[in-house]
Amino acid sequence: MTSIAQTWMVIPMDAVLSYLKRNEGRFLARLREYLRFQSISAQSEHRADVRRCAAWLARHCREIGLETEMHATAGHPIVLARTPRRPGAKRPHYLVYGHYDVQPPEPFELWDSPPFEPAIRRGRIFARGATDNKGQHLAHLNAVEAYLKTGTDLLCDLTFLIEGEEEVGSANVGPFLRKHREALRCQAAVISDSGMPSLKQPALTYGLRGGIGMEIVLRGPARDLHSGTFGGAIDNPAMVLCQMLASLRDAKGRIRVPGFYEEVAPLSPSERRRLSGGSFSGRELQKLAGVPRLFGEAGYTPGEQCSARPTLEINGLTGGYQGEGGKTIIPAWARAKITCRLVPNQTPERIRSLVIRHLERICPRTVEMQITPRRGGSGPYLMSPESAEAQAALRALRASFGRAPVLIREGGSIPIVSQFKSILNMDTLLVGFGLPDDRAHSPNENLSLAAYRLGSRFCARLWPELAALGKRR
Ligand code: BES
Ligand code: MN
């Protein structure tokens, strides 16, 4: 099918694509530079590094010709960058979102090269943040640079919103979206912060899970006690915590919090067909994860379990003595971090309160419990891949990757996506360039250089496709 955009854009698109090709070396050098910042949003000792990273990004946006502002928030800064507007022109407006913060790199000893010293091996660049998410939004900035530097009309207005708190729940973007509602309301948002099954299967992600998190501390004795003298009459907070947490999930993976599944929308047969046709097989999943055997809720395929079913996980668990040798104590406290992944139509508020209420009900009186809910939380997201915008993105994917794109639903969360919907009434096109073995959040995170290159080409081809839809709101 030849869209209007393709017939208009034949020659200018060539200039853009050849700019991308000619500048591949620079784009790679720039990614390396960006990846050196230790923009770890979760760790307060890196506050200054996060800030320096934002400042570098803002300067880069200015250098490629974007009108750029850095906005302070209650947490880390938000970088807002606009393509130069034409006075009087009423053009379609799209928003591109990304996050410059990264997950903590620990455990360091499992990295083959230091996490903030980017290294290229086997056609991939290894560094914390390579795929999640610096490389992916840099691909968008590279594409826009190609338009601006070749003097090619983008045919639409773009606003980049790149934040520094995605990996800690994006608690400050909601207020920011509300405050700048008029300037930010667009036709749709575009985010490249997800994945594709392989380089030969570029993907549009039409669903994400939501999430909530909390920290639980149980306190027992006033100090660690001799387990011989006191063991028997004094309860053990670490034991109690294990018993409580273990009771939250049965052996088959069903979550045992009353009401947890009440709002879960059943999967339609057509949805289930699509999910089973999508990503990788059970065997591939087992290999990728490095587990002796798969697990999962009965009656659902691994693809469904990892994207369309809710979960409750322990992310961290500690208490008592973990050093060398043994220590016969009853620990004074035990602590856990837990999260839930949510699917339509669960809401963060309700699931949070169900889990807290249940924990309060099952906690014995022998210990004191303190629950600290994580700020933020995100709703699940599901869009129609039939929409005109989704179809435009699929055309751009096919043209740039030279392969038929697939539709996938993914299990991760991007908190701003449900807020785009609830605050700005905007859908989000999720087209990511991560690969199944990119090790996001793990040691040896990496981005395929081919994905980085093809991703930039997709970003370039997307705008004429979307612009051709015209101004729709
Ligand atoms: N890029 C991910 C989200 C993602 C992961 C999308 C896998 C599709 C597939 C994002 O940076 C992320 O990790 N989000 C966090 C959010 C949380 C900290 C609130 C997540 O999903 O754990
Ligand atoms: Mn992430």
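What is the geometry of the site of the manganese ion (ligand 2), given the angles among its six donor atoms? With angles of 52 to 156 degrees, the site is irregular, a label for anything that is neither tetrahedral (four donors, all angles between 85 and 135 degrees) nor, with opposite donors over 155 degrees apart and all others between 65 and 115, square planar for four donors or octahedral for six.

This is a predicted model, in which local features need pLDDT of at least 70 and side-chain atom pairs count only at pLDDT 80 or more, while totals for chains, interfaces and linings use all residues. Residues are numbered from 1 along each chain as written, chains are lettered from A and ligands numbered from 1 in the order written, and side-chain values use heavy atoms, without hydrogens and water.

The manganese ion (ligand 2) is coordinated at 1.9 to 2.7 Å by donors that include Asp132 (OD) and His441 (NE2), donors being N, O and S atoms within 2.8 Å of the metal (3.2 Å for Na, K and Ca), with water not among the atoms, so that sites may look incomplete. The spacing of the donor residues in sequence is D-x34-E-x273-H. Aspartate 132, in helix 4 (residues 130–150), and histidine 441, in the loop between strand 17 (427–430) and strand 18 (446–448), are 309 residues apart and link distant parts of the chain; helices (H or I, at least four residues) and strands (E, at least two) are DSSP runs numbered from the N terminus.

The table gives relative accessible areas, where buried means under 20%, exposed over 50% and partly exposed in between (1.4 Å probe, protein chains only).

| Residue | Relative accessible area | Class |
|---|---|---|
| Aspartate 132 | 11% | buried |
| Histidine 441 | 41% | partly exposed |
| Valine 16 | 0% | buried |

Valine 16 belongs to helix 1 (residues 4–22), and its C-alpha lies 5.2 Å from that of alanine 146, although 130 residues separate the two in sequence. Beyond four places in sequence, valine 16 is in contact (heavy atoms within 4.5 Å) with residues including Tyr147 and Ala460.

In the largest nonpolar core (buried Ala, Val, Leu, Ile, Met, Phe, Trp, Tyr and Cys residues joined through side-chain atoms within 4.5 Å), Leu161, Ile416, Phe420 and Trp463 touch the most other members of the 94 residues. Helix 15 (residues 449–467) gives the most to this core, with ten residues. A second, separate core of 29 residues includes Met244 and Cys340.
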